[in-house]
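Work through the following exercises with the structure open beside you, and try each task before reading its solution. Each solution proceeds step by step.

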Amino acid sequence: MNWILLIIAGLFEVAFAFCLGKAKESTGNEMYLWYVGFLLALVISMLLLVKATQTLPIGTAYAVWTGIGAVGTVLVGIFVFKEPATFLRMLFLTTLIGSIIGLKVVSH
């Protein structure tokens, strides 16, 4: 169950990065709404991370959480914010995904 919470926490990390990107593109009241979304996603992500680390090793949980956030944020950058998807970027993204899976496999 805590692995599921950790994955959801990672997805909320992607959400708060997405909100930051949208706030950067916005002005006025809309910008403030994106910042509120950022804060909500940040709090939810942190609370779920804390809950997950009650039974999972902290080093593994934190690495997986940041990895999910990093992978998700790069994908959001590519698909939503039209950032480049170069060969090297995809290569390193793939190695990051492999590392996240490897950490899950070898953790106790």
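**Exercise 1.** Decide whether E25 is buried or exposed in this predicted model, and find the side chain with which E25 forms a salt bridge.

*Solution.* Begin with the accessibility: the relative accessible area of E25 is 52%, and because exposed means over 50%, E25 counts as exposed. Next, look for a partner, and you will find that the side chains of E25 and K22 meet in a salt bridge, with 3.8 Å from N to O. This distance satisfies the rule, because a salt bridge requires the nitrogen to lie within 4 Å of the carboxyl oxygen. Then consider the positions along the chain: K22 and E25 are three residues apart in helix 1, so about one helical turn separates them. Finally, compare the label of the partner, since K22, with a relative accessible area of 22%, is partly exposed.

**Exercise 2.** Find how many salt bridges the model holds by this rule, and describe the one that E83 makes with R89.

*Solution.* The count comes to two salt bridges. One of them is the pair K22 and E25 from the exercise above. In the pair E83 and R89, the side chains meet at 2.9 Å from N to O. For the surroundings of this pair, take the accessibilities in turn: E83 has 35% relative accessibility and counts as partly exposed, while R89, with a relative accessible area of 27%, is also partly exposed.

**Exercise 3.** State which residues line the largest pocket, and sort the lining by chemical character.

*Solution.* First, collect the lining residues, which are A17, F18, G21, K24, E25, T73, V74, V76, G77, F81, E83 and R89. Helix 1 and helix 3 are the elements that give two or more residues to this lining, and the largest share, five residues, comes from helix 1. Second, sort the lining by character, which gives five nonpolar, three polar and four charged residues. Third, note the space inside, which amounts to about 160 Å³. As a last step, return to the earlier exercises: E25, E83 and R89 are among the lining residues, E25 meets K22 in a salt bridge, and E83 meets R89 in another.

**Exercise 4.** Check whether the length of helix 3 agrees or disagrees with the span expected from its 22 residues, and then list its buried residues and what they pack against.

*Solution.* Helix 3 covers residues 58–79, and at 1.5 Å a residue its 22 residues should span 32 Å. This value follows because the expected span is 1.5 Å times one less than the number of residues. The C-alpha atoms at the two ends are 31 Å apart, which agrees with the expectation. Now turn to burial: the buried residues of helix 3 are T60, A61, V64, W65, G67, I68, G69, V71, G72, V76, G77 and I78. These residues pack against helix 1 (2–25), helix 2 (28–52) and helix 4 (87–106).

**Exercise 5.** Two residues, N2 and S45, are to be compared: find where each one lies, whether each is buried or exposed, and which residues each one touches.

*Solution.* Start with N2, which has its place in helix 1 and counts as buried at 14% relative accessibility, because buried means under 20%. Leaving aside neighbours within four places in sequence, N2 is in contact with K51, A52, T55 and L56. Continue with S45, which is found in helix 2 and is buried, with a relative accessible area of 0%. Not counting residues up to four places away in sequence, S45 touches A9, F12, E13, F16 and W65. One of these partners, W65, is itself among the buried residues of helix 3.

**Exercise 6.** Find where K82 lies and what sign its phi angle has, and then describe the protein as a whole.

*Solution.* K82 is found in the loop between helix 3 and helix 4, and its phi is positive, about 60 degrees, although K82 is not a glycine. At 66% relative accessibility, K82 counts as exposed. For the whole protein, count four helices and zero strands, and add that the C-alpha trace spans about 50 × 35 × 15 Å along its principal axes. Buried residues make up 31% of the 108 residues. Lastly, among contacts between residues at least 6 apart in sequence, 70% join residues at least 24 apart.

Technical notes: Residues numbered from 1 in each chain as written. Predicted model: local features only at pLDDT ≥ 70, side-chain atom pairs only at ≥ 80, totals over all residues. Heavy atoms only, no water. Buried < 20%, exposed > 50% of the residue type's maximum accessible area, 1.4 Å probe, protein only. Contact = heavy atoms within 4.5 Å. 1 Å grid on protein atoms, 1.4 Å probe; cavity = no way out; pocket = protein on both sides within 12 Å on 5 of 7 lines; lining within 4 Å. Points joined across faces, edges and corners; volume = space filled by probe spheres on them. Nonpolar A, V, L, I, M, F, W, Y, C, P; charged D, E, K, R; others polar.
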